[in-house]
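Please read this briefing alongside the sequence and the structure. The topics are taken up in turn, beginning with the sheet.

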Amino acid sequence: MADARSKATEKYRKANVKSFNVKFFPSDAEVLEYFQGKANRNQYIKDLIRKDMESRKSLKTYVFETANEGDVTITISGEYVDGCVDMKADISGTGDYREWTEIDGGSVEEIFEWLMDKGVEFESDRSLWLNLNYVEQVMIDRSKTEEQLLDYAASMTNEELKKWREFYFDI
């Protein structure tokens, strides 16, 4: 009986359970040491993956207030494919709405150019910089946190921000 149960368990696992091998090179020694300190490594990896999946869901919509048109909502409408996403922008109360496909961090300016063409004004160059970079670096590239952007924006001079705006928006 135990032999039959053992065979059934093995058959089930072969058909339904997946495993992956992770390689740690000498340059990963610090990471390996940290990982080896985890009591349940299997659960730790699954928890990291779930946390990453959840964080991607929470970064799908960004709403900011403009200086003159109310709120703008920018939404990631598709999944990440080759570093790109599909996005939508909606200027609340105006009926102005547009979709873009395959936007990457480097092409976010298109969205903000469209917003300004539609009459959206920003409180300052700092506000424009912060909102554009939030969409680019926090939502799409995930290379920065909101706190990092706020710190960096605070350190920029008005002259630096003006030059940035002139360069990206030909103003």
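Four strands make up an open sheet in the order S1-S2-S3-S4, and the pairing between them is antiparallel. S1 and strand S4 (96-103) are the edge strands, each of them pairing on one side only, and the neighbouring strands of the sheet are turned against each other by 15 degrees on average, direction ignored. The model is a predicted one, and the points below should be read in that light.

**Strand pairing in the sheet**

- Strands of a sheet pair through backbone hydrogen bonds, in either a parallel or an antiparallel manner.
- Strand S1 (residues 61-65) and strand S2 (residues 71-76) run antiparallel and are joined by five bridges, with glutamate 65 having aspartate 71 in S2 as its bridge partner.
- The hairpin of S1 and S2 has five residues between the strands, and in this hairpin glycine 70 takes a positive phi near 85 degrees.
- S2 pairs in turn with strand S3 (residues 85-91), again in the antiparallel sense and over five bridges; here threonine 75 finds its bridge partner in lysine 88 of S3.
- S3 and S4 also run antiparallel, and six bridges join them, with tryptophan 100 in S4 serving as the bridge partner of methionine 87.

**Helices packed on the sheet**

- Helix H4 (residues 109-117) packs on the sheet and touches S1, S2, S3 and S4, while the direction of the helix makes about 165 degrees with that of S4.
- Helix H5 (residues 125-140) likewise packs on the sheet and touches S1, S2, S3 and S4, its direction making about 165 degrees with that of S1.
- Valine 138 belongs to helix H5, and this residue counts as buried because its relative accessible area of 6% falls under the 20% limit.
- Between valine 138 and glycine 105 there are 9.4 Å in space, C-alpha to C-alpha, although the two residues are 33 residues apart in sequence.

**Salt bridges**

- The count of salt bridges in the model comes to four, and three of these pairs are described here, including one within helix H3.
- Arginine 50 and aspartate 47 meet through their side chains in a salt bridge with an N to O distance of 3.8 Å; because the two are three residues apart in helix H3, they are separated by about one helical turn.
- Aspartate 47, at 40% relative accessibility, counts as partly exposed.
- Arginine 165 forms a salt bridge with aspartate 125, and the closest N and O atoms of this pair are 2.9 Å apart.
- This pair links distant parts of the chain, since arginine 165 lies in helix H7 (residues 158-169) and aspartate 125 in helix H5, with their positions 40 residues apart in the numbering.
- Aspartate 125 has a relative accessible area of 21% and is therefore partly exposed, given that buried means under 20%.
- Glutamate 166 and lysine 162 meet in a salt bridge of their side chains at 4.0 Å, N to O, and both residues lie in helix H7, four residues apart, which is about one turn of the helix.
- Both members of this pair are partly exposed, glutamate 166 at 34% relative accessibility and lysine 162 at 41%.

**A nonpolar surface patch**

- Ile45, Ile49 and Met53 form a nonpolar patch on the surface, and together they have about 270 Å² of accessible area.
- Isoleucine 49, one of the residues of this patch, is found in helix H3 (residues 41-58) and is partly exposed, with a relative accessible area of 46%.

**Positive phi outside glycine**

- Glutamate 102 has a phi near 50 degrees, which is a positive value in a residue other than glycine.
- This glutamate 102 lies in strand S4, and at 63% relative accessibility it counts as exposed, because exposed means over 50%.
- Arginine 142 is not a glycine either, yet has a positive phi of about 55 degrees.
- The position of arginine 142 is in the loop between H5 and helix H6 (146-155), where the residue is partly exposed with a relative accessible area of 29%.

Key:
Residues numbered from 1 in each chain as written. Predicted model: local features only at pLDDT ≥ 70, side-chain atom pairs only at ≥ 80, totals over all residues. Heavy atoms only, no water. Patch = residues over 30% accessible without salt bridge, like charges linked within 9 Å, V, L, I, M, F, W, Y side chains within 5 Å. Areas by Shrake-Rupley, 256 points an atom, 1.4 Å probe, with all protein chains shown as cover. Buried < 20%, exposed > 50% of the residue type's maximum accessible area, 1.4 Å probe, protein only. Pairing = 2+ DSSP bridges. Axes fitted to C-alpha atoms, helices over the stretch in contact; angles between N-to-C directions. Contact = heavy atoms within 4.5 Å.
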